[in-house]
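Thank you all for coming; I would like to walk slowly through one structure today, so please have the picture open while I talk.

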Amino acid sequence: MKRWIPLLVFAILVGFFAKGLLLNPREVPSPFIGKPAPAFTLPLVGNANASFSPADMKGKVWLLNVWAPWCVSCRQEHGVLMELARSQPVPIVGLNWKDKEREAAQLLAEHGSPYVAVPDDLTGKTGIDYGVTGTPETYVVDKAGIIRMKHIGPISPEVWKEKFEPKLKELGA
Amino acid sequence: MIPELGHFALIVALLLALTQAILPLIGAQRGNLTLMSVARPAAQGQFVFVAIAFGCLAWSFLHNDFSVENVARNSFSQLPEIYRFTATWGSHEGSMLLWALILGFWTTSVSVFSRHLPDDMVARVIGIMGLISTGFLAFLLTTSNPFLRLLPAAADGRDMNPLLQDPGMVIHPPMLYMGYVGFSVAFAFAIAALLSGRLDAAWARWSRPWTTVAWAFLTLGIALGSWWAYNELGWGGWWFWDPTENASFMPWIAGTALIHSLAVTEKRGAFKAWTVLLALTAFSLSLLGTFLVRSGVLSSVHAFATDPARGAFILGFLVVVIGGSLALFAWRAPKMLTGGRFTWFSREALLLANNVVLLAALGSVLLGTLYPLLLDALGMGKISVGPPYFNAVFVPLMAPALFLMGVGPLARWKEASLPDMVSRLKWALAISVATGLLLPLTLKGFNPWAALGFTLSMWILLTVLIGFRERLKNSGRIGNLPRAFWGMQLAHLGLAWGVAGITLVANYQEERDVRMNVGDHTQLAGYTFTFQGTTERVGPNYRAAKGTVEVSRDGKKLFVLHPEKRVYNASGMPMTEAAIHPNFFRDVYVALGEPLDDQAKTWAVRLFHKPFINWLWIGALFMVAGGFLAASDRRYRIAVKATAPAGAAVQGA
C-alpha cells in the first residue's frame, strides 16, 4: 500500500487547491463587523466645546472615515469624498486620527470639508478601539449603530460603486 | 500582422506538440520505428514555431505596438529598450510563453544529445515532454493569449511594473525557468523508465547530467532573484520566505535530493523507487509553483493578476500530469527491485539520511507555504506564515544536512568503518567546533546561531580539503581528478561559503532608520554618513529625487552614495533605488525613505551595514560552477557510448 501514499497526498492537496481557487486571499475580515460601533466622545476639530459621539447618529446609516492631515492617500480620496458630500447619499464623519501637528482645521478650511462632523482623536485611542491599521479606512455603520463593512485604503469612484453602493442599498440608506 | 503571425505560429506549435506527444509514444509501445522517428523532427519543429511566436511578441514590444493588449498593459514608449525586451516575459502571458519556449529548448537539446540512447527511450522521453508542451501551449491559447488585439489601440502603454525594471530581472526569469523546466527532462526520463520497465543504472546515468544542469540553472536563477530583491526592494533583505520564493526553492531542494539519490542509483543500483519518486517530485513542485503563483490562491508580493479560469486550467493540468505520473509510479513500483546492499554506516546510508533531512526541510517549506491556504479552505480563518516560522523550522533541519554533507563524500560505499572515519575526521571536527566557539567571541560576544553557522562552514571546508588530500594520495596529480569530483567539491565549498556569509550577515548586520536634514551626520558600524540633500533627476521614464550621502571613516572621506526615490511617469508608482557600496567584506547600503517636509530637505533615511553579504552570492556562483563542471564529466559521454551498441543497457555498474 505504501506506493499509493504519494498519490493520496497529492489528491488531498488537489482538494484544497480546488477550494482555494474559490477564495480570495486578499480579503482580510475585520472582527468588528456585525458588532456595535465602539462608543466614544471626542471634541470637534475647530470647535473644542462641542463633541461627537456615535450615539448622535442613531437611526441613520453613516460612514466613519478615519483620516489624517499627514496621510497622503487621504488626500487622494478627498476629491471623491467631496463629490459624495455634494450628492449626499450618506453622512460622513471624519475621525481626525493622531493629528499631532494640529493641521486639520486649516486643511479643511482650505480644501473644503466633506464631513458632517470631525471628531479629534489626538491620542489615537479611538482609532485603536476600532482596529484601525492605517489611514484611510472607512467603516459603514447601520441605523442600529452596528458596523456593517470596513474598507481599507482610499475610496475610488470604482470602489464606491462596487463596494459601498450595494451595501448602502442593502442597509436602506 | 506580426502579432497574428505569432498567434498562428503558436497554433502550429500546439499541433506539432500533439504530434510529438502521440506518435512517438504509440511507436515506442508497439516497437514501430517509423512512428518513433517522428519524435526528433516534431520536437525541433515545435521549438522553432514557439521561438517564432516568442520573436513576434518581442518584436511587438520592441516596436511599441500598443494595439496588442499585452504590450499596452506592460510596456511604455519611454521605457528603455532593454526593458522593452524583458517586458516580453514581464506579464503573465509572456512568462508562460517563455516557459513554453524553454521547454522547447530543453526538448530540442534532448533530441540532439541523445544519439547514443535506445530509440524507444528517446521516443518516450520526447513524447512525454511533448505532452507537457501540449498542456502549456493549450493553456496559452485558451486562457492567456499574449497576442490579443486592443481595438482601438492604446495611445501609450501603462508601463512595465517598475519593480521589474532592474538589471537583475533581465536574466533572473530565464535562468529560473531554465532550472524549473529543466527538471522536466529528469521527469520524462523517469516516466519513460516506468513505461518501459527498464529502471536500471543506465537510466540513472542518462538522467544525471540533465538533472545537474537544470539544478545549476535553478541555483543561478534563485541567487539572481535574491540579489534582485536585495537591490530593488530597498528593505535590505535578501530572502523573505514569500510564496513565490518558496515556489522556486522547493523544486531546488527536491532537485538537490534527486542529484544525490541518482548518484546512488547509478553507482550502486539502490534507491530505485526513491529516485524515481524524487524525479517526479522535483518537476511536480515546479508545476505546483507555477500553479500557486499564477492562480492567485496565495497572495504574494510578486503575484500576477489573478483569473479563476487560469487557476482551474492549471489545476486540471496538475491533476493529469502529477496525478497521472504518481498513479503510474504506484502501478509500476512492484517491478522496481532493490539492488546493492549496504550497511547502516556507508556512503549509501549517509546519502539516504541526507535525503531524508532534505525532504523534511522541503516538507516544512511546503507546509508553511500552504498553511494559510489550508486553514482558509477549512474556514478556520486567515493567517499568514512568515519568516519566524521558516527560520525556526528550516534552519535546525539544515544543520544535520550540512553536517552529513561533510561525512558523506569521505565514506566508503557499501560499508564504512566508524572508527576509521573518526580517526580521519577528528581534527577537522575539533577545529570546526573551536572555530564556532571562539570566532563569535572576537566579533560581538557568543551567539549560539553564529557558533553553529561557523562550525558547519568550517566543517565543510575542512572535509572538502581532506577529500582532495585523500584523492590526491591515490591518483597522484591534481589534473587527473575527474570533473565530477571537482564539481561536487566546488558545489559543497560554495554552500559552505554561502552559509558563512548568511551566518555573518544574519547575526552581525547593523541598521538604522534616521531622520536626516541637509548636513546631518549619523554613525553606523564605524562609518559616518553625511546627508548632503537631494537633487531632481529626470530618467527615461521616471523622475527621481537623487540623494547624496557622503560616507567617511575616522574623518577620512571614503565614497559617495546616491540613493534615489523614483516616481514612474506612466504608473505613478514610487520606487526606492538603494545605493550600495560593495566589497568582499561588507556592503554599505543606503535607501531613501520618504521626504519629511514640503521642501524635501529632511528625509527618512535607512542605513545598513551588511558584513560579508556578498559571500552568499559568491557561494551560489561556486555551486553553479560546480554543477556545470560535474555535468560535463567525460564519464557521461564515454560510459553511455559504451552501452549504446548493447541497445537496452541493462547492466548496473
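Before anything else, a definition: two strands are said to pair if DSSP finds at least two bridges between them. Please also keep in mind throughout that this is a predicted model.

With that in hand, let us begin in chain B, where strand β2, residues 521-524, and strand β3, residues 527-538, run antiparallel and are joined by four bridges. If you look for B:His521, you will find that its bridge partner in β3(B) is B:Thr530. The two strands, β2(B) and β3(B), form a hairpin with two residues between them, and in that turn B:Ala525 has a positive phi of about 50 degrees.

Staying in chain B, there is also an open sheet of four strands, in the order β1-β10-β9-β8, with antiparallel pairing. Which strands stand at the edges of this sheet? They are β1 (510-516) and β8 (579-582) of chain B, and because each has a single partner strand, one side of each is left without a neighbour in the sheet. From one strand to the next, the twist averages 15 degrees. The partner of β1(B) is strand β10, residues 603-611 of chain B, to which seven antiparallel bridges join it, and there you can see B:Val514 standing opposite B:Val605.

Now let us turn to a pair of helices. In chain B, the axes of helix α7, residues 119-143, and helix α8, residues 167-196, come within 8 Å and cross at roughly 125 degrees, and α7(B) and α8(B) are therefore oblique to each other. The crossing in which α7(B) passes α8(B) is right-handed. Among the residues that make the contact are B:Met121, B:Val125 and B:Ile128 of α7(B), together with B:Ala188, B:Phe189 and B:Leu195 of α8(B). Sorted by kind, the residues of this contact divide into 10 nonpolar, two polar and two charged.

Finally, chain A, which has an open sheet of five strands in the order β5-β4-β3-β6-β7, this time with mixed pairing. Here β5 (120-121) and β7 (147-152) stand at the edges with a single partner strand each, so one side of each is left without a neighbour in the sheet. Further in, strand β3, residues 62-67, and strand β4, residues 92-97, of chain A run parallel and are joined by five bridges, with A:Trp67 opposite A:Asn96 of β4(A). Helix α5 of chain A, residues 157-171, lies across β6 (137-141) and β7, running at about 175 degrees to β7(A).

Conventions: Residues are numbered from 1 along each chain as its sequence is written. Chains are lettered from A and ligands numbered from 1 in the order in which they are written. This is a predicted model: local features need pLDDT of at least 70, side-chain atom pairs count only at pLDDT 80 or more; totals for chains, interfaces and linings use all residues. Two residues are in contact if their C-beta atoms, placed from the backbone, lie within 7 Å. Axes are lines fitted to C-alpha atoms, for helices over the stretch in contact, and angles run from 0 to 180 degrees between N-to-C directions. Angles under 35 degrees count as roughly parallel, over 145 as roughly antiparallel, 65 to 115 as roughly perpendicular and the rest as oblique. A crossing is left-handed if the near helix is turned anticlockwise from the far one by less than a right angle, and right-handed if clockwise. Ala, Val, Leu, Ile, Met, Phe, Trp, Tyr, Cys and Pro count as nonpolar, Asp, Glu, Lys and Arg as charged, and the others, Gly among them, as polar.
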